[in-house]
Amino acid sequence: MGHGLGLVVESIPRGSFRNAINAGLPFLTGCLGVGEDVSTGDDLGSMMCNHISRLFYKPVKILGYQRQRINGNWKFYLENLRDTYHASLLHEFLVTFGLDRATQKGGVEMDERHRHNLTYAHAGSDSDSDAKEAYGGHEINNDKLKLLDSRLLEFRQEYADDRNLAISTMFPNASFQQLNNSLATRQIQPKGIDAFDLIWTYFGYTDDDVDMTNHRLRQLNLFGPGGLVSMEDAEAIEIAHKATYAEERNTTTVIEVGGKGEISDRAYRVNDVPIRGFWSYYAELMDIEPAGAFR
Ligand SMILES: [Fe+2]
């Protein structure tokens, strides 16, 4: 395949693979045995192609890598990334400093079969009073708390739109993120049913100056594995995984996903539709789809 990756496939028939280049990114795709391929340029859909093209609209440079072990099932991570409004409930830092709130203008988009999703929000699209009303008595943008270095919160607009948050999952195991000015890809590598590794690749653009590169790296104190925000995602997944791990292997824990009806894009942030989209496709893929289920 192109781009000098040097991939050698020896044990899988050539015919079962095809590759595609999207926005300069090479994709290598295997057939999953259910009569269709996933994650090729053809199958990404316009939503994912637009998201990738937006992030990779000019040459990038790699800023670093990190590997993070999370002791939970890998599917929890996909749920986490598809859960639009947990950020403003779980992540106290985001709410307090107004970085990510359910009252922002934003929404969720998916491809036709809900394999991939995008969560987005627009910068400065709500006010403190909007948020105070929505969150009741919760302290929003608390005047008592100030950061010594406010650059941690700074958003420098660098795209044609004003989105300060655009993060996707690409079925089954990748994510492309823009969180303020923190850019990264995340790859999920399952390590059995009880653990997975997250492989983080941080990037910027080749024409970034030193100040911009430092700005991107600084924001990893929020959005990297040990960041004030993302650290909580790993912790929440481990807690949830323990809670659903039945002591008796012959028992089952069921957590009903809220909401019902059509699985479709929404132009608002308070919804869990992409999670239902994931399970809809996963159930079909695993041949465990209930009769009459929504797709
Ligand atoms: Fe989160």
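Which residues does Y77 touch, not counting residues up to four places away in sequence? I looked this up at the start, and the partners are I188, F196 and I237. I note that the model is predicted.

**Entry 1: the core around Y77**

I next looked up the largest nonpolar core, which has 47 residues. Y77 is among the residues with the most contacts inside this core, together with L94, L165 and F196. F196 therefore appears in my notes both as a partner of Y77 and as a residue of the core.

**Entry 2: the whole protein**

I recorded nine helices and nine strands. The protein has 295 residues, and 32% of them count as buried. I then examined the contacts with a separation of 6 or more, and found that 60% of them join residues 24 or more positions apart.

**Entry 3: the sheet**

I traced an open sheet of seven strands, in the order β3-β9-β8-β7-β6-β5-β4, with antiparallel pairing. Its edge strands are β3 (60-70) and β4 (106-110), each of which pairs on one side only. From one strand to the next, I found that the twist averages 15 degrees.

I then looked at one pair of strands in detail. Strand β8 covers residues 182-190, strand β9 covers residues 196-205, and eight bridges join the two. Within this antiparallel pair, R186 stands opposite W200 in β9.

**Entry 4: the helices on the sheet**

Helix α2, residues 74-82, packs on the sheet and touches β5 (117-122), β6 (163-170), β7 (174-179), β8 and β9. I noted an angle of about 150 degrees between the direction of α2 and that of β6. Helix α9, residues 273-285, also packs on the sheet, where it touches β4 and β5. The direction of α9 makes about 10 degrees with that of β4.

**Entry 5: helix α9**

I checked the length of α9 against expectation. At 1.5 Å a residue, its 13 residues should span 18 Å, and the end C-alpha atoms are indeed 18 Å apart, so the two values agree.

Which residues of α9 are buried? I listed V273, P274, I275, R276, G277, F278, W279 and Y281. The cover over the buried residues of α9 includes α2, β4 and β5. I added one general reminder: an α-helix has 3.6 residues a turn, so residues three or four places apart point the same way.

**Entry 6: after α9**

Just after α9, D287 takes a positive phi of about 60 degrees. I followed the segment after this helix to R295. Is R295 buried or partly exposed? I recorded R295 as partly exposed, because 13 other C-beta atoms lie within 10 Å, whereas a buried residue would need 20 or more.

I also compared R295 with F278: the two are 17 residues apart in sequence, and their C-alpha atoms are 9.8 Å apart in space. Leaving aside neighbours within four places in sequence, R295 is in contact with I263 and S280.

**Entry 7: confidence**

I ended with the pLDDT, which averages 81 over the protein, with 78% of the residues scoring at least 70. Where is confidence lowest, and where is it highest? It is lowest in strand β1 (residues 17-22), at a mean of 44, and highest in helix α6 (residues 210-218), at 97. Over residues 1-23 the pLDDT is below 50, and this stretch has 38 contacts in the model beyond near neighbours in sequence. The pLDDT is also below 50 over residues 29-41, for which I noted 31 such contacts.

Definitions and conventions
Residues are numbered from 1 along each chain as its sequence is written. This is a predicted model: local features need pLDDT of at least 70, side-chain atom pairs count only at pLDDT 80 or more; totals for chains, interfaces and linings use all residues. Helices (H or I, at least four residues) and strands (E, at least two) are DSSP runs, numbered from the N terminus. A residue is buried if 20 or more other C-beta atoms lie within 10 Å of its own, exposed if 12 or fewer, and partly exposed in between; C-beta atoms are placed from the backbone. Two residues are in contact if their C-beta atoms, placed from the backbone, lie within 7 Å. Two strands pair if DSSP finds at least two bridges between them. Axes are lines fitted to C-alpha atoms, for helices over the stretch in contact, and angles run from 0 to 180 degrees between N-to-C directions. A nonpolar core is a set of buried Ala, Val, Leu, Ile, Met, Phe, Trp, Tyr and Cys residues joined through C-beta atoms within 7 Å. The expected span of a helix is 1.5 Å times one less than its number of residues. pLDDT is the predictor's confidence in each residue, from 0 to 100.
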